[in-house]
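Me: I have a new structure to look at, and I would like to learn how to read it. Could we go through it together?

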Amino acid sequence: MKYIILLTLCMVLYGDNLKSLLVFASKNNKIIKSKQYIQISKQKQLQSSKNSYYPTVHIGGSYQRMDNRVPMRPGDVYTGYIGAGIDLYDGGRRANIIKQNSALLKSAKYDTSLYSKNLQLIITRDYFTILSTKQTLKALKEKNIQLKAEVSRMKKFFKVGSVTIESVDKLRAALSNNIYLIDATKYQIYSLKKLLSLRVGRKIGVLKNIDITVPLNTEKSLSDQINILKEDAKSLKFAAKSIGSYYKPQIRLEDTFSLYGYGRYDTLHPRGLDNQNNLMLSFNINIFDNSVILKQKESLLAQKMAMQEQINQLKNEQNINIRLALSKINTIKAQIKSAKSFLVAAESVYKNIYKKFNAGSVDNVTYLDALSVQTNAKAQYEKALNDLQIAYATYYYYTNNDIKDFIK
């Protein structure tokens, strides 16, 4: 007995709450981790494009042997060299590539944020659905206790001939059906907790009742989905500019210093220079390619315009979803009032019917109907309370806020 009490206390004190689950999921969910690696990849890509402004340095060497020597050239030539080069002007290609990669990095960050917020909403819905289902289970168990007591009482009356066997069998049937519903509800809770465990990334314990802050003048920002498209559209714009730079002059400066060594030389096949420094300034401009680059640029700009139309559509959808979320909150608040009134009435009716049933003035069908109505009323009221919490979370989701920041 002491062990059971201690275990119960531990479950109450150390049970899971929604905020701790959301925080844990944001750090340990496998998909979020995957998207964070994509961010790292985009960051490396951005750094690579920034490093392209630095000069390139290269070293190398070669060995050349001619078995049949050519006049005025030695038979063996050894070469070692070191060189450096830098692009003095590239028409803005590198600058636009940097801007393109910067936009892609921001897009990847928004993508991670979008998935995280989607996950928060799904976990929140699962959390309160489990709480609602547990309240249904609790109501069914209470009903089971009452049915067992009535079956036992009716058996005694049957033994003394006060009631018929049909009356006993009806109560037994109701009890069996209620046990079936209890088992089905237990499995529903089990499956929901397994799905929640998969999304969070760890085993789920006892879930605590929590409240989400009532939305009051909540700040709204563009959804992450819109921000993803905006950054992707930017990346296409800069990619188009980068491609367009190929029609502009390309100027590069290179300097190479070489050392030479020789073998199998003589008067007819003399040595060459011991060293040589080669400085080269090159200029290049594309004057004709039959509009290949131009068409590629136009293709990217067309994709950008397509994304802009999607952005406009998503902005409208976000505004509508926010209004619908507020309307849902008000609707559920009205449902809670109705469910509360229904529960009070159902409990009152049940008490009166139960007294009459014990007195034998009503049959067991009337009694069972009253008991079922009371059970459903309890479950419906608790579900409405939890649905309101889900509605609050949905509103925060559509205003592009982190749900975990509004949990009390």
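Me: Where is the place of tyrosine 262?

Reply: Let me start with some ground rules: this is a predicted model, in which local features need pLDDT of at least 70, side-chain atom pairs count only at pLDDT 80 or more, and totals for chains, interfaces and linings use all residues. Residues are numbered from 1 along each chain as its sequence is written, and side-chain values use heavy atoms, with hydrogens and water left out. Helices (H or I, at least four residues) and strands (E, at least two) are DSSP runs, numbered from the N terminus. Tyrosine 262 lies in strand β3.

Me: Is tyrosine 262 buried or exposed?

Reply: Buried means under 20% relative accessible area, exposed means over 50%, and partly exposed is in between, with a 1.4 Å probe and protein chains only. Tyrosine 262 has a relative accessible area of 14%, so it is buried. Across the protein chain, buried residues make up 37% of the 408 residues.

Me: Which residues is tyrosine 262 in contact with, leaving aside its neighbours within four places in sequence?

Reply: Contact means heavy atoms within 4.5 Å. By that rule, and with those neighbours set aside, the partners of tyrosine 262 are Pro74, Asp76, Val77, Tyr78, Arg271, Gly272 and Leu273. With leucine 273 there is a polar contact (a pair of N or O atoms within 3.5 Å; within protein, one must be able to donate a hydrogen and the other to accept it, and residues adjacent in sequence count only if both atoms are side-chain atoms): the side chain of tyrosine 262 reaches the backbone oxygen of leucine 273 at 2.5 Å.

Me: And which residues form the nonpolar patch on the surface?

Reply: A patch is made of residues with over 30% relative accessible area and no salt bridge; like charges are joined within 9 Å, nonpolar side chains (Val, Leu, Ile, Met, Phe, Trp, Tyr) within 5 Å. A salt bridge is a side-chain nitrogen of Lys or Arg within 4 Å of a carboxyl oxygen of Asp or Glu. Accessible areas come from the Shrake-Rupley method with a 1.4 Å probe, and for residues only the protein chains shown count as cover. Here Val57, Ile59, Ile82, Phe257 and Leu259 form the patch, with about 500 Å² of accessible area together. Strands β1 (56-65) and β3 (250-263) each supply at least two of its residues. Isoleucine 59, in strand β1, counts as exposed because its relative accessibility is 67%.

Me: How many helices and strands does the protein chain have?

Reply: There are 8 helices and 4 strands, and the C-alpha trace spans about 140 × 45 × 35 Å along its principal axes.
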